[in-house]
Structures are given as structure tokens and as C-alpha cells.
Amino acid sequence: MPTGRATILVVDRENAATAALIAFLRGRGMRVLWARDGEAAYHVLDETRVDAVVAPLRSPRTDGVAVCRHARERHPDACVVLSADPAGARMAADALRAGAHDILPRPVDRERLLAALERGLAQRRLAERLVEMEGRLAERFGV
């Protein structure tokens with residue numbers, strides 16, 4: 001799946017930085033969904049297939065580790081990128097154990113975010129291809 005067609009869920013409060021990030025990702029051809037907090041993110045993740053999630057590690061009404069766990073439960077191959085203020089960096093290990101692909105410092109550098117998303121989505125494509133090839137081998141050779 002090309003990065004330009006990926007569905008990205010952005011979880012963050014409504015502000016100019018969030019609007020700019022959404023516009024940036026849409027400008028790169030991505031389908032972007034937005035949730036203002038963790039609860040809204042859970043609903044989106046339960047109802048919609050997403051390829052990636054971008055969320056803060058900590059913010060009011062959003063626990064990035066919990067969002068990451070929920071995303072990985074619903075979409076095990078989703079790329080999750082969290083952003084952290086310097087004070088929240090201690091939670092980074094928990095986030096990585098929960099399945100986050102990357103943690104970026106806030107404010108998020110858009111190009112670094114794009115690179116992290118591309119890496120995560122490429123890893124997802126490889127995993128999908130592996131499952132497909134294993135299926136073909138099993139079908140053809142009974143392996």
C-alpha cells in the first residue's frame with residue numbers, strides 16, 4: 001500500500017498545530033482522520049481501519065500508551081508514532097513495549113514524522129507480503 005493512500009488517525013486536541021499537521025499529511029495524499037482525545041480515538045479505532053496513528057504520549061484526556069495498546073489490539077499491524085514533551089520521555093519505554101514504532105519530541109518536526117510513518121508503513125507492507133507468500137507456499141506445496 002503506497003504511503004499516499006494510507007489512512008492516518010491523528011489524536012490531539014484542537015489547535016493550530018494539529019490543524020497544520022493534518023493539512024501537511026493530507027497534502028502528502030494521505031487520508032487523515034482526527035480524534036480530539038483518547039476516548040474519541042478508541043471509537044475511531046473500533047469503527048475504522050487505520051494504517052497509522054499519530055498521538056501525544058501525554059496530554060489532557062489522552063494517554064498515548066493506552067491509545068497505542070488499543071490501536072495495536074484492533075489493528076496489530078498499524079504504525080503508531082507518539083510524540084513526547086521532554087518531561088514525558090520517561091514513559092517512552094512503556095510506549096515502545098505497547099507497540100509504538102517511534103517517539104518524536106514535541107513540537108513534532110513534520111518531515112521526521114513523515115519519515116517515521118513511511119518506515120512503519122513499509123514494515124507493514126513487508127509483513128502483509130510475508131503472510132501472502134506463506135499462504136501461497138502452503139497452498140502450492142503444503143508447507
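Colleague: In which sense do β1 and β3 pair, and over how many bridges?

Modeller: Read strand pairs by direction first, then by bridge count. In this predicted model, strand β1 (residues 7-11) pairs with β3 in the parallel sense. Three bridges hold that pairing.

Colleague: What is the bridge partner of Ile 8 in β3?

Modeller: Ala 52 is the partner of Ile 8.

Colleague: And how many bridges join β3 to β6?

Modeller: Five bridges join β3 to strand β6 (residues 79-84), and the two run parallel. To place this pair, take Val 53: its bridge partner in β6 is Val 80.

Colleague: What order do the strands take in the open sheet?

Modeller: Chain the pairings together and the order follows. Here it is β2-β1-β3-β6-β7, an open sheet of five strands with parallel pairing. The edge strands are β2 and β7 (102-105), each pairing on one side only. Neighbouring strands are turned by 20 degrees against each other on average, direction ignored.

Colleague: How many bridges link β6 and β7?

Modeller: Four bridges, again in the parallel sense. Leu 82 stands opposite Ile 103 in β7.

Colleague: Now burial. Are the residues of β3 buried or exposed?

Modeller: Check each face of the strand separately. Strand β3 (residues 52-56) has five of its five residues buried. One side carries Ala 52, Val 54 and Pro 56; the other carries Val 53 and Ala 55. Both faces are covered.

Colleague: Why look for nonpolar clusters at all?

Modeller: Because nonpolar side chains tend to be buried together in soluble globular proteins. In this model, the largest nonpolar core has 22 residues. Those with the most contacts inside it include Leu 9, Val 53 and Leu 82.

Colleague: Which elements supply at least two residues each to this core?

Modeller: β1, β2 (31-35), α2 (38-47), β3, α3 (64-74) and β6. The most comes from α3, with four residues. A second, separate core has 19 residues, among them Ile 8, Ile 22, Leu 104 and Leu 114.

Colleague: How do the helices lie on the strands?

Modeller: Look at contacts, then at the angle. α2 lies across β1, β2 and β3, running at about 160 degrees to β1. α3 packs on the sheet and touches β1, β3 and β6. The direction of α3 makes about 180 degrees with that of β6.

Colleague: What span does α5 reach from its first C-alpha to its last?

Modeller: Compare the end-to-end span with the expected one. Helix α5 (residues 110-141) has 32 residues and reaches 46 Å, close to the 46 Å expected at 1.5 Å a residue.

Colleague: Which residues of α5 are buried?

Modeller: Leu 113, Leu 114, Ala 116, Leu 117, Gly 120, Leu 121 and Arg 124. What covers them includes β1, α1 (16-27), β3, β6 and β7.

Colleague: What sits at the two ends of α5?

Modeller: Inspect the side chains at the start and the backbone after the end. At the start, a side-chain oxygen of Asp 109 reaches to within 3.1 Å of the backbone nitrogen of Glu 111. Just after α5, Gly 142 takes a positive phi of about 70 degrees.

Colleague: One last residue. Why is Ala 93 classed as partly exposed?

Modeller: Because its relative accessible area is 38%, and the class runs between 20% and 50%. Ala 93 belongs to helix α4 (residues 92-97). Its C-alpha lies 9.7 Å from that of Ile 103, with the two positions 10 residues apart along the chain counted as separation.

Note on methods:
Residues are numbered from 1 along each chain as its sequence is written. This is a predicted model: local features need pLDDT of at least 70, side-chain atom pairs count only at pLDDT 80 or more; totals for chains, interfaces and linings use all residues. Side-chain values use heavy atoms; hydrogens and water are left out. Buried means under 20% relative accessible area, exposed over 50%, partly exposed in between (1.4 Å probe, protein chains only). Two strands pair if DSSP finds at least two bridges between them. A nonpolar core is a set of buried Ala, Val, Leu, Ile, Met, Phe, Trp, Tyr and Cys residues joined through side-chain atoms within 4.5 Å. Axes are lines fitted to C-alpha atoms, for helices over the stretch in contact, and angles run from 0 to 180 degrees between N-to-C directions. Contact means heavy atoms within 4.5 Å. The expected span of a helix is 1.5 Å times one less than its number of residues. A polar contact is a pair of N or O atoms within 3.5 Å; within protein, one must be able to donate a hydrogen and the other to accept it, and residues adjacent in sequence count only if both atoms are side-chain atoms.
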